[in-house]
Amino acid sequence: MSLFLGLDSSTQSLSAIVIDTDCGTVVYEDAVNFGRHLPHYHSPSGFLEHSDPLVKQSNPLMWAEALDLLLTRGKEKGFAWNAVEGISGSGQQHGSIYLNDGYFDACFSTEQSLANQVKPLLSRDVSPIWMDSSTSAECQKIADAAGGNGRVAAVTGSPAIERFTGPQIRRFYKEDPESYERTARIHLVSSFMAWLLTGTDVGIDFGDGAGMNLLDLAEQDWNLALADATAPGLLQKLPKAVASDTVVGQIADYFVIKYGFCAGTPVVAWTGDNPSSLVGMGATEPGTAVISLGTSDTYFAAMQEPRTDPNGYGHVFGNPAGGYMSLICFQNGSLAREAVAKEHSLDWDAFADAILNRTQPGNEGNMLLYYFTPEVTPRILKPTVRYAGTEAFVNGQDANSAARAIVESQALSMQLHTGWISDKPSRILVTGGASRNPAIRQVLADVFQAEILSLTVNNSAGLGAALRAAQAIKRLSWQSLANTFSQPDESSRALPNAATADIYREMSQRFVELLAAHIS
Ligand code: XUL
């Protein structure tokens, strides 16, 4: 038996998956949902209410409390945490946590909860997360100071982007310079969680660090000019940038005493949820595209050399297995699908039935601009929802077409905005909650004219974390890990219907027109 624990701290939940690399099996899985299990944080979808729709923040104590709860649940269910030989994790990307100088002496005691002990160490009680789009002015300032967005993209893999950590740090510095001054360390969600586990000053890995507008991809270190353009003294507040397979510390005594982990259990650097998912999907070599359908929808693939999006929406991140990955993010993912399902009183079975059995590809021309919250691809700051098509559909009286419209419109937008990444893929792997829906897989197959397949394991980010721990500690090869754990679920295969190719080519053109008509 050789067990490795992967944790994933996502927007809406903290999940755990334990793999046994000797037997090639998943031996434990659990998840704490922030809205359901920690309602006192008033974050039903993982973030706090805010009067400005551009601002999206979470309480970082919620993530600390979720870690205690997840491990407590494991212990109560009789799972032996002491059998775990190594741990890694992944976090929602770009979000930042601000800590004062007490951070450097922190030593967690089992007398109190983690959240209670982290509270006095925060120099800012909220964390801006990836859904925040309030930093346009800061992006402009950083780009101007650093020699233009072309330069920022050439160095970091992305132009200055609202949700990226650098612009968020600048906004904090401008709004509350005193608290910024009191900040001794700034962590990403991923490295914050790794700090909780080890109690030591852990680094930020190249995969997640690339989502900050601060990391020089070629040098694999922080870029001084960008740090200076972002906020004064920033370089001293950033942890080290480290390779993704670095052992950043050993599990803190808190977890040994409280949950029974073995003293000395190594913790491998955490990374972003998308880079982790790339590993979990077995897609670390170029040639396989992945679509992740979660709170955000993302499209990503491994890349040998960094290539940036000519339209400025996409990103280059570090690939935890070496090299790079391209990624493009669509903010209106599952929450938009849920909003349409709720508006039309459809449960997920009825939603799938509406698409598979009650409507046809092309949907009689019905389409939806589905920007319930600001969007990053394409860049839309003002929430905009428009139904376009038949009278019944526009009047909200055609629930079946509404279900098809949200899925088709999301797929069309994804296809439109990902063409720069690679030649047309013939096979795309899908992951995330909505990838279990056969209707969504079929629409993706038809719009992309590609075979769509999901894996037997659902939590690809968590699985990627467990695989990364196993690779870093046991030095198992990526290929053998992928062959064992990242196996396609043959029953999930959706094949493209060639007869729909023309329908979607024409529809894509109309989607562009619809966007142009309503989005300035
Ligand atoms: C990627 C992005 C999102 C978050 C979601 O750039 O912003 O996919 O990582 O957790």
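Biologist: Which residues is Thr265 in contact with, leaving aside its neighbours within four places in sequence?

Modeller: Happy to start there, and keep in mind that this is a predicted model. Leaving aside those neighbours, Thr265 is in contact with Val84, Glu85, Gly86, Ile87, Gly249, Gln250 and Ile251. One of these partners also gives a distance to look at: Gln250 is 15 residues from Thr265 in sequence, with the two C-alpha atoms 5.3 Å apart in space.

Biologist: Where does Thr265 lie, and is Thr265 buried or exposed?

Modeller: Thr265 lies in the loop between helix H12 (253-259) and strand S14 (266-268). Although in a loop, Thr265 is buried, with a relative accessible area of 4%.

Biologist: Let me try a strand residue. What is Ser96 in contact with, beyond four places in sequence?

Modeller: Ser96 is found in strand S6, residues 96-99. Outside its sequence neighbours within four places, Ser96 is in contact with Ser127, Pro128, Thr165, Ile186 and His187. Its relative accessible area is 0%, so Ser96 counts as buried.

Biologist: And a helix residue, such as Ser179: is Ser179 buried or exposed?

Modeller: Ser179 is found in helix H7, residues 177-182. Ser179 counts as buried, at 9% relative accessibility. Beyond four places in sequence, its contacts are Ser123 and Phe172.

Biologist: How should I read disulfides, and how many are there by the rule?

Modeller: The general idea is that a disulfide covalently bonds the sulfur atoms of two cysteines. Here the count comes to zero.

Biologist: Why is there no bond at Cys23 or Cys139?

Modeller: Compare each distance with the cut-off of 2.5 Å between sulfur atoms. For Cys23, the closest cysteine sulfur is in Cys262, 18 Å away, which is too far for a bond. For Cys139, the closest is in Cys329, at 14 Å, again too far for a bond. Their surroundings can be read as well: Cys23 counts as exposed at 54% relative accessibility, whereas Cys139 counts as buried at 6%.

Biologist: Which residues have the most contacts inside the largest nonpolar core?

Modeller: They are Leu67, Trp81, Trp195, Phe255 and Phe261, in a core of 100 residues. Helix H2 (residues 60-76) gives the largest share of this core, eight residues. Apart from it lies another core, of 52 residues, among them Phe393, Ala411, Ile428 and Ala434.

Biologist: What does Trp81 touch, not counting residues up to four places away in sequence?

Modeller: Trp81 touches Leu5, Val18, Tyr28, Leu70, Leu71, Gly74, Lys75, Tyr259, Gly260 and Phe261.

Biologist: How many residues of helix H17 are buried?

Modeller: Of its 19 residues, 15 are buried, so H17 is largely enclosed by the rest of the structure. This helix, residues 399-417, reaches 27 Å from its first C-alpha to its last, close to the 27 Å expected at 1.5 Å a residue.

Biologist: Let us finish with empty space. What is the volume of the largest pocket?

Modeller: In general, empty space shows up when a probe the size of a water molecule is rolled over the atoms. In this model, the largest pocket has a volume of about 1,200 Å³. It is lined by 44 residues, and the closest to its centre are Leu293, Gly294, Thr295, Gly432 and Gly433.

Biologist: Which element gives the largest share of that lining?

Modeller: Strand S3 does, with four residues. Other elements that each supply at least two residues include strand S2 (13-20), helix H13 (273-280) and helix H19 (460-474).

Note on methods
Residues numbered from 1 in each chain as written. Predicted model: local features only at pLDDT ≥ 70, side-chain atom pairs only at ≥ 80, totals over all residues. Heavy atoms only, no water. Buried < 20%, exposed > 50% of the residue type's maximum accessible area, 1.4 Å probe, protein only. Contact = heavy atoms within 4.5 Å. Expected span 1.5 Å × (residues − 1). Core = buried A, V, L, I, M, F, W, Y, C linked by side-chain atoms within 4.5 Å. 1 Å grid on protein atoms, 1.4 Å probe; cavity = no way out; pocket = protein on both sides within 12 Å on 5 of 7 lines; lining within 4 Å. Points joined across faces, edges and corners; volume = space filled by probe spheres on them.
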